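Here are some short exercises to work through with the structure open. Try each one yourself before you read its solution.

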Number of protein chains: 2
Amino acid sequence: MKTMLLCMDDVRSSLSMAAVIEAVEEGYLAFEEGKVQQPDIVSMEMPEHHGETDIKSCYNALNESVSVKIASGFYDNGKTNDLPTMIGTILLFDGRTGASVCIMDGSLITAIRTGAAGAISSKLLARKDSKTVAVFGGGGQARMQVYGLCQVMDIETIKVYSQYPHELAAYKADVEKETGRQVILCDSVEMTMEDADIAISTTPSKEFLVNSSLVKPGMHIVAVGADMAGKNEWDPQIFRGAKVVGDSIAQCVSRGEMRNAIVAKVIAEDDIYGEIGEILAGKKAGRESAEEITIFDTTGMGIQDNVTAMRVYEIAKEKGLGQWFEFL
Amino acid sequence: MKTMLLCMDDVRSSLSMAAVIEAVEEGYLAFEEGKVQQPDIVSMEMPEHHGETDIKSCYNALNESVSVKIASGFYDNGKTNDLPTMIGTILLFDGRTGASVCIMDGSLITAIRTGAAGAISSKLLARKDSKTVAVFGGGGQARMQVYGLCQVMDIETIKVYSQYPHELAAYKADVEKETGRQVILCDSVEMTMEDADIAISTTPSKEFLVNSSLVKPGMHIVAVGADMAGKNEWDPQIFRGAKVVGDSIAQCVSRGEMRNAIVAKVIAEDDIYGEIGEILAGKKAGRESAEEITIFDTTGMGIQDNVTAMRVYEIAKEKGLGQWFEFL
């Protein structure tokens, strides 16, 4: 039994945003068709080391593979050592035999498949004439969301705001180089939201940043940052009357941005419009008017890792990348 | 970040039953001291391929490591391919940084750490003058239990019974060679239990094999086979009045042999005496008389994998075994 090993550079060489968007769409459809087993997220916490480790697992009956992603966040890394804050490992197993197929660095995959998720939602829910995007946060995910979005929409202007403004010069340089679009650095939330057609939040905020008065008819909102109870980027009032879509409603209700709106009793679970896979499958309509406010809440699903890692594995195999190890 | 890779042969060269018994004792103590986070077992099922994949994870604050074991059972393996039925992979991460420390074949570790668990229970709960052991099942775990037991007790005779008697000739040859003790093949459950001081069950049985009338005062029972709801090796009546000990009571009550006795209302959860770690730590007594019947129920814990895999990793590093791969 030979297992392929892929380091971060191998994974980088085997990933393109366009391919990942396609893969994540397949994943959302598989989930909607009931072809996916996605056990609850496993979490272990090491408060004494400012760290946590999560496990997202998934069996996808369509590609007959099991994926297991072990992702850690240790927030003192980089200070006392030269490790990145986020370290991820993804394992792929053959769902017909249990054989270990591939073990790869998982750090890039989480970032890119989350960017792809936002892009897919904008394709289905944003106004087709959207030109201006407001971005909250200036880190890796704030980049990935824009890289994904620019693959699927004719964006002209990116307005960005961060609670850590020192990171924005590098953000502007990177994003302008990667996308060819203009990045405008904003010094207030209000300035960022002005004229935005799409607004994307990628911060670890625990108290909401964006007041509901700043959300105008016709906007599409992508809520990425809130992925566990206690995180909050948006005024819960924005959910009132909006078309609310989740990646997995069950997961978003328990740990996403919609949780805050439900806890605040702004909406009930019954008010949620549907899952992104239902819209992709054509079972439910996407945006239906130029005025409606649409919200996509994503907490990240094992199926996204599964389909993205399988795509990486296939491309790496074609390209002859990586090394092989016989565990058995 | 360099990760050690260990194949099955490397793991085999780095394991001794004596070292694993020591490691598992440390693990049980750590669990009892509240130093272990052990999330619920994750299970995915592939009935279309007669397979299942489970994940047992654990953070041990004493050795500051996270372990994740992904273990599959695919019951058509070996028929249409040359893969073993059970395939396991264990990953170790540094619990201070999230760094990936070691990835090893996990097939042997489950077997040996389970054998060690039975041995530890016999040391604490069997009569010191125990000479004869009854074994149910003739597979790998039926071997490991005896290998463990012979490390800690002066066993003279091993009596074995299997529902698949064809496997017993090989069992006798292997066990006599490994332990130097006599193995007697039995053709009935009654014959097997006669004169037994310790009885160990390792079958996947779904209906009980051993009637309570065969369990005599002074016996110690090690119930290994039942590790999920629906499995049953012992007449639930044996639990009445016995000293019942579990590895993790919470886990045994939901998926071990004790579950059957509770469901049958032979005992209530309050009748369970304690956890093996409490006895190891001296908080509760082990065996207190030559007449009492003691039962150890083990469903297998992530902490056993954690401490065993860490021991393997340390020994492999000393011996210069394995290969290294840089994921990051």
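**Exercise 1.** Find the bridge partner of Val222(A) in β15(A), then place the two strands in their sheet.

Solution. Bear in mind that this is a predicted model.
- Start at Val222(A): its bridge partner in β15(A) is Phe296(A).
- Now widen the view to the strands. β12 (220-223) and β15 (294-297) of chain A run parallel to each other and share four bridges.
- Then step out to the whole sheet of chain A. It's an open one with eight strands, paired in parallel, and the order reads β10-β9-β8-β11-β12-β15-β13-β14.
- Finish at the edges: β10 (182-185) and β14 (274-275) of chain A each have a pairing on one side only.

**Exercise 2.** Which strands does helix α5 of chain A touch, and what angle does it make with β10(A)?

Solution.
- Look at residues 168-179, which make up α5 of chain A; this helix packs on the sheet.
- Check its contacts: β8 (132-136), β9 (157-161) and β10 of chain A.
- Compare directions: α5 and β10(A) make about 165 degrees.

**Exercise 3.** Describe the interface between chain A and chain B.

Solution.
- Count residues: 51 from chain A meet 51 from chain B.
- Take the area: about 3800 Å² is buried, with 72% coming from carbon and sulfur atoms.
- Look for polar links: there are zero salt bridges by the rule, but ten residue pairs are in polar contact, both residues at pLDDT 80 or more.
- Trace chain A's side: elements giving two or more residues include β1 (2-6), β4 (51-60) and β16 (323-326) of chain A.
- Sort that side by class: 28 nonpolar, 15 polar and eight charged residues.

Note on methods
Residues are numbered from 1 along each chain as its sequence is written. Chains are lettered from A and ligands numbered from 1 in the order in which they are written. This is a predicted model: local features need pLDDT of at least 70, side-chain atom pairs count only at pLDDT 80 or more; totals for chains, interfaces and linings use all residues. Side-chain values use heavy atoms; hydrogens and water are left out. Contact means heavy atoms within 4.5 Å. Buried area is the accessible area (1.4 Å probe) that two parts lose on being put together, summed over both. A salt bridge is a side-chain nitrogen of Lys or Arg within 4 Å of a carboxyl oxygen of Asp or Glu. A polar contact is a pair of N or O atoms within 3.5 Å; within protein, one must be able to donate a hydrogen and the other to accept it, and residues adjacent in sequence count only if both atoms are side-chain atoms. Ala, Val, Leu, Ile, Met, Phe, Trp, Tyr, Cys and Pro count as nonpolar, Asp, Glu, Lys and Arg as charged, and the others, Gly among them, as polar. Two strands pair if DSSP finds at least two bridges between them. Axes are lines fitted to C-alpha atoms, for helices over the stretch in contact, and angles run from 0 to 180 degrees between N-to-C directions.
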